[in-house]
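Welcome, and thanks for taking a look at this one with me. Below are some numbered notes to help you find your way around.

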Amino acid sequence: MPAVTAATTRHTVLVVEDDPSIRTLLTSALRAAGYGVVAAGTGREALSEAEGRTPDLIVLDVMLPDTDGFTVTRKLRAGGIYTPVLFLTARTEVEDRIIGLSSGGDDYVTKPFHVQEVLLRIRAILRRSAGPATAPPAERPPLCYADLTLDHEAHEVRRAGQPVPLSPTEFRLLACLMAQPGKVLEKQQILQTVWHHDFAGDTRIVDTYIKNLRKKIDRAGPLLVHTVRGVGYCLRLPRDEPS
């Protein structure tokens, strides 16, 4: 098992798994790696623990006895809880992965899995969520475009002065677009920047997240998130169409 480090002792992970053997395996491995661990066996327990303990990350089984992990994640997001979620499931179809990630999840591991893979995914998600630990504030100034602002340090987005609640993945996606306004970013480039791996090369997860982001960002005011068919997406003000 990995050695305990100062980096992991700051984090608490909520493990939601109805299979006692898998739950014990994961909780033991996480504690050996230096994480604080809270365990739950149902969706109802997961919601209660997530709301009461505010873990840094949730490892969430998709198939639970009282509900499914996708529904749990949607309820958390609807309640304003944006704790990163790593799904565990026996489902291997790409469509299932897209459903899970579009519900507000951050990554996906299929069963049977290797514990080391789960630990690596957890570290990657926590690293992405926290941003560069050693970067001074001056190196991460707020991003601004039109009436849209993104503050890395406060992890806050505002449109026309009004707060826009985003999940950690939506926040990174918007930051990716705002870092290069007016430039068309290819879907594969967005995958590498936001997710750091390619989900077996399937770019539909980008389409799904863009759709979710657009609903929140462009709900009021001029459309800023634009699709460039056959290429990717960009952040820009609307262009006047020829009459």
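**Notes for a first look**

1. Let's begin with helix α4, residues 69–78, where the buried residues are Gly 69, Phe 70, Val 72, Thr 73, Leu 76 and Arg 77. Looking down the axis of α4, you will find these buried residues within an arc of 160°, so they line one face of the helix. On the face turned away from that buried side, α4 carries the exposed residues Lys 75 and Ala 78. Please keep in mind throughout that this is a predicted model.

2. The two ends of α4 are worth a visit too. At its start, a side-chain oxygen of Asp 68 comes to within 3.0 Å of the backbone nitrogen of Phe 70. Just after the helix, Gly 80 has a positive phi of about 85°.

3. Which residues of helix α8 (187–195) are buried? They are Ile 190, Leu 191, Val 194 and Trp 195. Seen down the axis of α8, these fall within an arc of 105°, so they line one face of the helix. A general point helps here: an α-helix has 3.6 residues a turn, so residues three or four places apart point the same way.

4. Now step back to the whole protein chain. Its secondary structure amounts to nine helices and twelve strands, and 47% of its 243 residues are buried. Of the contacts between residues at least 6 apart in sequence, 59% join residues at least 24 apart. The chain exposes about 11,900 Å², with carbon and sulfur atoms supplying 53% of that area.

5. Next comes an open sheet of five strands, paired in parallel and ordered β2-β1-β3-β4-β5. The edge positions belong to β2 (36–40) and β5 (107–110); each has a single partner strand, so one side of each is left without a neighbour in the sheet. From one strand to the next, the twist averages 20°.

6. To see the pairing in this sheet up close, try β1 (residues 12–16) and β2, which run parallel and are joined by five bridges. One pair to look for is Val 13 with its bridge partner in β2, Val 37.

7. Is Ala 46 buried or exposed? This residue of helix α3 (residues 43–53) has a relative accessibility of 3%; because the cut-off for buried is under 20%, Ala 46 counts as buried. Setting aside neighbours within four places in sequence, Ala 46 is in contact with Leu 14, Val 16, Ala 40 and Val 72. The last of these, Val 72, is one of the buried residues of α4 from the opening point. Ala 46 and Leu 60 lie 14 residues apart in sequence, with 8.5 Å between their C-alpha atoms.

8. Finally, follow three strands in turn. Strand β6 (residues 143–145) runs antiparallel to β7, with three bridges joining them, and β7 pairs with β8 (residues 156–159), again antiparallel, over four bridges. Thr 149 of β7 is a handy landmark: it stands opposite Cys 144 and also opposite Arg 158 in β8.

9. Both links between these strands are hairpins. The one formed by β6 and β7 has two residues between the strands, and Ala 146 there takes a positive phi near 50°. The hairpin of β7 and β8 has four residues between its strands, with His 155 in the turn at a positive phi of about 50°. As for β7 itself (residues 148–151), Leu 148 and Leu 150 make up its covered face, while Thr 149 and Asp 151 make up the uncovered one.

Terms used
Residues are numbered from 1 along each chain as its sequence is written. This is a predicted model: local features need pLDDT of at least 70, side-chain atom pairs count only at pLDDT 80 or more; totals for chains, interfaces and linings use all residues. Side-chain values use heavy atoms; hydrogens and water are left out. Two strands pair if DSSP finds at least two bridges between them. Axes are lines fitted to C-alpha atoms, for helices over the stretch in contact, and angles run from 0 to 180 degrees between N-to-C directions. Buried means under 20% relative accessible area, exposed over 50%, partly exposed in between (1.4 Å probe, protein chains only). Contact means heavy atoms within 4.5 Å. Accessible areas come from the Shrake-Rupley method with a 1.4 Å probe; for residues, only the protein chains shown count as cover. The arc is that of the directions from the helix axis to the C-beta atoms. A polar contact is a pair of N or O atoms within 3.5 Å; within protein, one must be able to donate a hydrogen and the other to accept it, and residues adjacent in sequence count only if both atoms are side-chain atoms.
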